[in-house]
Amino acid sequence: MHEEVWFEDIEQFLICPRKYSLEKEYRNRQDILSEQETREMMRLGFSVEKPILSTELFGLNLVSDPQAAVPDGDKWKIVLRKTAKSFKNKYIIEAAFHGYVFSSAGYIVSQILIDSPHFTRQIDWRDGLTRLFALIENIAELKTQDLPEPKPVSQCKTCPHVLSCTDVLVKKQDLLAIHGLKDKTRIRLIEDGIDSLTALIQTKEFKNISKESLEKIKKKAVALIEKREIVLSEYQELPDGVFLDIESHANRNFDYLFGILLDESYIPFLSENEEQEQTVFAKVITFLDQTDGPIYHYCPYEPARFSSLSERWPEFRSSVLKIKKRFVDIYQILCKHIALPLFTYSLKSVARLYDFRWRTNLDGLRASRYFQLWLSTHDESYLKTVLDYNEDDTRATKMIWERLNSLRNN
Ligand code: SF4
């Protein structure tokens with residue numbers, strides 16, 4: 001049996017071939033129709049929702065599952081439904097993928113239609129064939145090769161493999177393991193012969209980098225090699241406060257969930273649609289006003305959302321100004337004062353380092369999809385998953401806050 005490759009596998013391969021390889025055996029897909037049922041419905045000339053067809057290429061079984069196949073004379077129009085606001089270049093490869101599988105399975109494809117609420121576009125699926133074949137060939141070659149090496153990408157922030165990838169980079173003595181080291185600086189270091197973590201640690205000075213910055217990246221290299229945290233500079237004790245995490249809808253312009261952790265209680269403020277957002281935001285402000293101390297968050301997203309909401313509703317401006325003075329970004333404190341044995345300091349990565357376990361496998365985008373599923377189906381299990389995810393984000397932030405205080409006190 002050939003290994004299956006679906007288009008989402010190709011998307012994953014494009015982002016990180018290593019993650020694609022690590023996870024290919026665990027993918028779990030639920031087909032609505034079988035290939036045989038698809039063929040039967042197409043033979044009868046029906047439009048088919050979620051058709052499934054497959055074909056073999058370079059020893060792999062390509063499985064196409066577009067949103068719909070619609071009769072178009074004696075040909076077929078394939079529909080790819082999207083929610084994106086604008087056209088993305090990857091749709092050209094996606095169109096080539098589905099067009100190629102359908103054609104190879106014996107159906108003439110007249111056009112591929114990209115259908116989003118924001119735009120509609122027809123694509124000639126042959127345009128992306130050369131690129132598609134090159135990608136499939138690369139994926140097929142993975143079978144005969146070692147696991148691809150880690151290359152930090154933005155997906156690492158939420159990736160469960162971040163600890164093992166850090167280990168690989170550190171074993172290779174790769175400067176890519178140093179969090180926050182700019183590409184330009186890394187290349188200059190390598191050009192100057194400082195091409196390993198050990199060589200970096202032994203460096204006394206380096207042109208274009210201040211002594212202070214050099215000391216900081218050297219300590220980061222030590223933290224990685226010795227697998228421990230190093231305090232880079234002193235900081236104040238972080239007093240008790242509340243922990244805030246906001247979830248925004250990926251395709252509609254509203255923040256659907258404000259999750260607050262106060263002591264050990266998690267309090268969610270939920271909007272079901274854009275119309276409710278103003279009332280819910282008012283409740284969040286009233287609630288926060290009744291609390292004391294800093295409002296901890298991770299990364300600048302929460303203050304940015306408060307600013308944007310107060311621009312939309314000027315009546316909240318003075319309250320938001322007051323609340324924003326209480327915001328404290330745990331991520332900023334961590335980056336400034338602590339060297340960690342990690343190449344990314346994202347919330348998910350740092351919390352994983354401290355053995356925190358999320359109860360769900362969501363990220364912000366998937367949480368938004370689950371929220372949308374709850375709105376469409378009213379299946380409470382979707383909402384519970386989203387709330388668990390958001391609550392865990394606030395608890396993970398709190399756990400890092402506790403760790404910062406204990407590192408300081410020790
Ligand atoms: S941590 Fe990053 S490099 Fe490693 S598998 Fe995940 S996405 Fe790829």
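Select Leu-57 and Leu-60 to begin: Leu-60, in β4, is the bridge partner of Leu-57. What you have open is a predicted model, in which local features need pLDDT of at least 70 and side-chain atom pairs count only at pLDDT 80 or more, while totals for chains, interfaces and linings use all residues. Residues are numbered from 1 along each chain as its sequence is written.

Next, extend the selection to the strands themselves, where β3 and β4 (residues 60-64) run antiparallel and are joined by 5 bridges. Strands (E, at least two residues) and helices (H or I, at least four residues) are DSSP runs numbered from the N terminus, and two strands pair if DSSP finds at least two bridges between them.

Now add β1, and you have an open sheet of 3 strands in the order β1-β4-β3, with mixed pairing. Because β1 (3-6) and β3 (53-57) each have a single partner strand, they stand at the edges, and one side of each is left without a neighbour in the sheet. Neighbouring strands of this sheet are turned by 30° against each other on average, direction ignored.

Then select residues 90-104, which form helix α4; this helix lies across β3 and β4 and runs at about 105° to β4. Axes here are lines fitted to C-alpha atoms, for helices over the stretch in contact, with angles running from 0 to 180 degrees between N-to-C directions.

Colour the chain by domain next: the domain assignment, which is automatic or from a database, gives domain 1 (3-144), domain 2 (154-228) and domain 3 (242-409). The C-alpha centres of domain 2 and domain 3 lie 30 Å apart, and 17 residues of domain 2 are in contact (C-beta atoms, placed from the backbone, within 7 Å) with 14 residues of domain 3. On the side of domain 2 that touches domain 3, α6 (162-171) and α9 (211-226) each supply at least two residues. By class, that side has 8 nonpolar, 4 polar and 5 charged residues, where Ala, Val, Leu, Ile, Met, Phe, Trp, Tyr, Cys and Pro count as nonpolar, Asp, Glu, Lys and Arg as charged, and the others, Gly among them, as polar.

Finally, select the ligand: 13 residues surround it, the closest being Cys-16, Pro-150, Cys-156, Cys-159 and Cys-165, and a residue is near a molecule if its C-beta atom, placed from the backbone, lies within 6 Å of it. Two elements, α2 (17-23) and α6, give two or more residues to this shell, and α2 provides the largest share, 3 residues. The shell around the ligand draws at least three residues from each of domain 1 and domain 2, and its residues divide into 8 nonpolar, 2 polar and 3 charged.

Key. Contact = placed C-beta atoms within 7 Å.
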